[in-house]
Amino acid sequence: MGELSTNHDPEIQEPIVPETRVHRNHPIDNIIGDPYAGVQTRHRTITENTSLYTEILDTGVMETWFQPIGTRWVFKCKTDDRHVIVKNKARLVVQGFYQQEGLDYTEVYAPVARIEAIQLFLAYATYVGFKVYQLDVKSAFLYALYGLHQAPRALYETLSKHLLSNGFDRGQVDSTLFIRKAGGDILLVQVYVDDIIFGSTNEGMCREFEQVMKSKFEMSNMGELSFFLGLQVSQREDGIYLHQSKYVQDILSKYKMNDSNTYGTPIPVNHGLHPDKDGKDVDSRLYRGMIGSLSYLTASRPNIMFAVCLCSRFQSQPKESYMIAVKRIFRYLKGKPRLGLWYSKQQSFDFKAYTDSDYGGCNLDRKSTSGGCQFLGDRLVSWQCKKQSTDSISTCEAEYIAVASGCSQILWIQQQLRDYGLNFTGTPLFIDNNATMSITNNPVKHSKTKHIEIRHHFIRDCAEKHLIELVKVHTDDNLADLFTKAFDRSRFEHLVKLDRNVQS
């Protein structure tokens, strides 16, 4: 065989580390670690970093700033309402994907507050008349290390143990709610990862709580609550106003809807949304992004809840006709950007709820839609719109299933308020279907109930225990109608007004 040909000059010695353009821009002296070391396996990387994890978890702070193998720096900036950079932040993030389930971690679930829990908190604050404040844990995940699968859980356990050791009780239903009572005063604390809101009937208890937290963590006192979980909170002398007007402007700009015409309702009465197999396809990523943005907005805009839920049913293969319906919701928002929820201080605190259903209203599979809303006084604190998972064979069955869904939410709110020291039983649940009331109040089996799943019959037990009381309401006054179907402008605005949305 002939000699193997090569285009390398044998007199030229190749450097151990090639002098490429990257190394000219980044000198070898700046490289973290040994550039001459071989490639490390995942097992070797985890082993070498174990001591670092232990040190940070034990001490709670990182005293020497260096980048170990298996970590990366993440940089981000914080902007104000005018998008001006007010703070630059750097975060050391562990590459948690090196971890193996069962070896490096087991349980990773960390409880976070439901949005309804925040609304209950604010509604209660207006009722008893105290200010709500906010704290933020500085470099929160240095106490649990960013990037690890179990980091949120470790942080929650650290926070909860500290609060429980300082005289707080944890909520029976909501484990992110902590309560401390002294005499006739009460201090409420709601935790969402590293964001904390709190308020008390005694300002001294608020100051004491700040000191308790600062004794363990580095805290930032954010003052009175004004922004939380995307909600803008305006605390006034006569109540609290919740809205997401800044977010509305952001998504209008993001999807280039600022110059569009406006509509008086988010969806027309005869919307005609049905399986459009022959329709023109649209960008599925764009469609899903718009639906996701609108879903986030329903935290303070119950008036678009039904329209968003309806359009979200067509995400698998979005068509041009569906996109037109979604853009109409944006056009409605453009005309009503500051619509929000008003929690007045001058209202009572009685608990009541409404439920309704739209029999066979889904054009995809003819399943019914359940709708419901719950009030404390005139404060709307919770609402639902959901397509039923089973096919109903009558309007009575559809209404009965909707009542069961509303009853579940009522029981959750009752228990949550029990942690506040309020005991609500016999909660009136307003419905507009006589047959549903008869089935609930009559223990004898009825022919109309034989097709209904057993799990829905628990409302009979709740009625017998006087936890709820079904009350007949005229269809025109059933506020849950807003979450089951589309309406003309006059009917829609009437329901929105009754649901205590206010224009600011």
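This passage describes a helix pair, an open sheet and a covered strand in a predicted model.

A good place to start is the pair formed by helix α6 (residues 245–254) and helix α7 (residues 284–297), whose axes come within 11 Å and cross at roughly 170°. Angles over 145 degrees count as roughly antiparallel, and α6 and α7 are therefore roughly antiparallel to each other. On the α6 side, the contact involves Tyr-247, Val-248 and Ile-251, which meet Ser-293, Leu-294, Tyr-296 and Leu-297 of α7. Sorted by class, this contact has six nonpolar residues, one polar residue and no charged residues.

Turning to the sheet, six strands are arranged in the order β4-β5-β6-β7-β3-β8, forming an open sheet with antiparallel pairing. Its edges are β4 (169–170) and β8 (219–224), each of which pairs on one side only. Within the sheet, β3 (residues 133–137) and β7 (residues 195–200) are antiparallel and share four bridges; Tyr-133 has Phe-198 in β7 as its bridge partner. Helix α3 (residues 115–128) packs on this sheet and touches β6 (185–192) and β7, with its direction at about 155° to that of β6.

Strand β13 (residues 351–358) offers a picture of burial, with eight of its eight residues buried. Phe-351, Ala-353, Thr-355 and Ser-357 lie on one side, while Lys-352, Tyr-354, Asp-356 and Asp-358 lie on the other, and both faces are covered. In a regular strand, side chains alternate between the two faces of the sheet. Strand β13 is joined to β14 (residues 369–376) by eight bridges in the antiparallel sense, with Asp-358 opposite Thr-369. Two bridges join β13 to β16 (residues 427–431) in the parallel sense, and here Ala-353 stands opposite Leu-429.

How values were computed
Residues numbered from 1 in each chain as written. Predicted model: local features only at pLDDT ≥ 70, side-chain atom pairs only at ≥ 80, totals over all residues. Heavy atoms only, no water. Axes fitted to C-alpha atoms, helices over the stretch in contact; angles between N-to-C directions. Parallel < 35°, antiparallel > 145°, perpendicular 65-115°, else oblique. Contact = heavy atoms within 4.5 Å. Nonpolar A, V, L, I, M, F, W, Y, C, P; charged D, E, K, R; others polar. Pairing = 2+ DSSP bridges. Buried < 20%, exposed > 50% of the residue type's maximum accessible area, 1.4 Å probe, protein only.
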